[in-house]
Amino acid sequence: MSQNQPSILIADEMHPSLFAMLDEAGFAYDYQPKISRAELIPALTPFEGLIIRSKTTVDDELLSQAPNLRFIGRAGAGLDLIDLATVEQRGIAVFHAGEGNRDAVAEHTVGMLLALLANILKADREVRQGIWDREGNRGYELGSMTVGLIGYGNNGRATAQRLSGFGCRVLAYDKFLTNYGDQFAQEATQAQIMAEADIISLHIPLTDKTRKMVNDTFIDQVAKPFYLNNIARGEIVSLAAVVRGLENGKLRGATLDVLENEKLAKLTPDQQAAFDYLRQSNRVVLTPHVGGWTHESYVRINEVLVRQIKEM
């Protein structure tokens with residue numbers, strides 16, 4: 001890194017642990033968490049590194065003004081905000097911290113599934129209202145289920161490890177891997193998962209091919225009524241299809257940490273109708289995209305990023 005100018009521009013809010021790590025590693029940086037895109041494009045020119053979280057889209061317009069950029073660090077797992085083809089053409093390295101929040105994602109997945117299967121949220125609301133309904137809140141055991149994981153990277157593997165502790169039979173499918181079965185999950189095809197799974201859990205990135213992957217056709221092709229967990233990206237799942245699946249009984253329930261539009265004040269009429277159904281259903285557990293959002297993961301993400309930058 002050059003010594004006569006700030007090397008890294010940090011363009012999103014970061015946990016303060018990052019700064020001590022960068023200082024210790026000897027990197028110069030400029031922290032501008034409130035910077036707008038219009039301000040960022042000209043400001044990026046002298047920098048060799050860019051660290052972002054979820055606010056900043058990295059595309060050709062931005063990169064054309066960054067002749068000195070050598071790497072981009074994403075404080076999180078997903079890379080859908082980064083135009084990877086353009087980045088590769090320009091020879092820019094991309095780092096992400098998928099292993100930094102995998103434990104948080106895995107625990108959150110298990111927590112959401114337990115809450116749904118054991119009717120914990122429904123029962124809690126009823127008891128607070130003075131309703132003591134034991135039979136109406138009889139649940140199902142997670143360990144009795146066959147769970148199909150679509151995607152077996154950092155988050156999928158960590159989730160399989162937790163699920164195996166409950167005694168679940170875990171099937172895993174990942175189109176980008178070979179010979180990836182382990183003590184926690186059996187390697188499977190997507191067709192096998194759709195034929196055998198009681199729960200299907202998504203651990204895949206958002207791409208043109210995965211956008212709206214879970215639609216009416218996908219749900220109809222699953223052999224038996226099943227539970228759906230989405231802790232990946234909201235746009236992978238059509239919420240309207242989820243509603244129809246719940247209505248016709250093909251979906252037994254859904255746990256959704258992400259939505260196709262997470263700006264709840266700006267939903268389209270169709271999105272609003274789907275959201276209104278889901279938020280009133282006792283067969284749905286919703287959380288606000290916090291699957292990887294723990295106090296521990298915030299620090300761990302920074303540790304992973306700085307280690308990768310040091311090793312480049």
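Where is the place of Ala-240? Ala-240 sits in helix α10, where helices (H or I, at least four residues) and strands (E, at least two) are DSSP runs numbered from the N terminus. The model is a predicted one, with local features needing pLDDT of at least 70 and side-chain atom pairs counted only at pLDDT 80 or more, while totals for chains, interfaces and linings use all residues. Residues are numbered from 1 along each chain as its sequence is written, and side-chain values use heavy atoms, with hydrogens and water left out.

Ala-240 counts as partly exposed because its relative accessibility is 29%; buried means under 20% relative accessible area, exposed over 50%, and partly exposed in between (1.4 Å probe, protein chains only). Leaving aside neighbours within four places in sequence, Ala-240 is in contact (heavy atoms within 4.5 Å) with Glu-260 and Ala-274. Its C-alpha atom is 8.2 Å from that of Asn-215, 25 residues away along the chain.

Helix α10 also turns up in the largest nonpolar core, giving it five residues, the largest share. A nonpolar core here is a set of buried Ala, Val, Leu, Ile, Met, Phe, Trp, Tyr and Cys residues joined through side-chain atoms within 4.5 Å. This one has 34 residues, and Ile-200, Leu-202 and Phe-218 touch the most other members. Elements that contribute two or more residues include β9 (199-202), β10 (226-230) and α11 (269-280). With neighbours within four places in sequence set aside, the contacts of Leu-202 include Ile-150, Met-213, Leu-228, Ile-236 and Val-237. Another core, of 21 residues, lies apart from the largest one, and Leu-149, Tyr-152, Val-170 and Ala-172 are among its members.

Then there is helix α7 (residues 154-164), in which Asn-155, Gly-156, Ala-158, Thr-159, Ala-160 and Leu-163 are buried. Their cover includes α5 (102-117), β6 (146-150) and β7 (169-173). In the loop between α5 and α6 (120-128) is Asn-119, which counts as buried because its relative accessibility is 16%. Beyond neighbours within four places in sequence, Asn-119 is in contact with Gly-136, Asn-137, Arg-138 and Gly-139.

On the wider layout, the domain assignment gives domain 1 (8-96) and domain 2 (101-286), with bounds that come from an automatic or database assignment. The C-alpha centres of domain 1 and domain 2 are 32 Å apart. UniProt, in an unreviewed entry, lists residues 110-291 as "domain: D-isomer specific 2-hydroxyacid dehydrogenase NAD-binding"; its positions are given in the numbering used here, feature names are shortened, and annotations may be inferred rather than shown by experiment. Residues 110-291 are 35% helix and 16% strand, with their end C-alpha atoms 10 Å apart.
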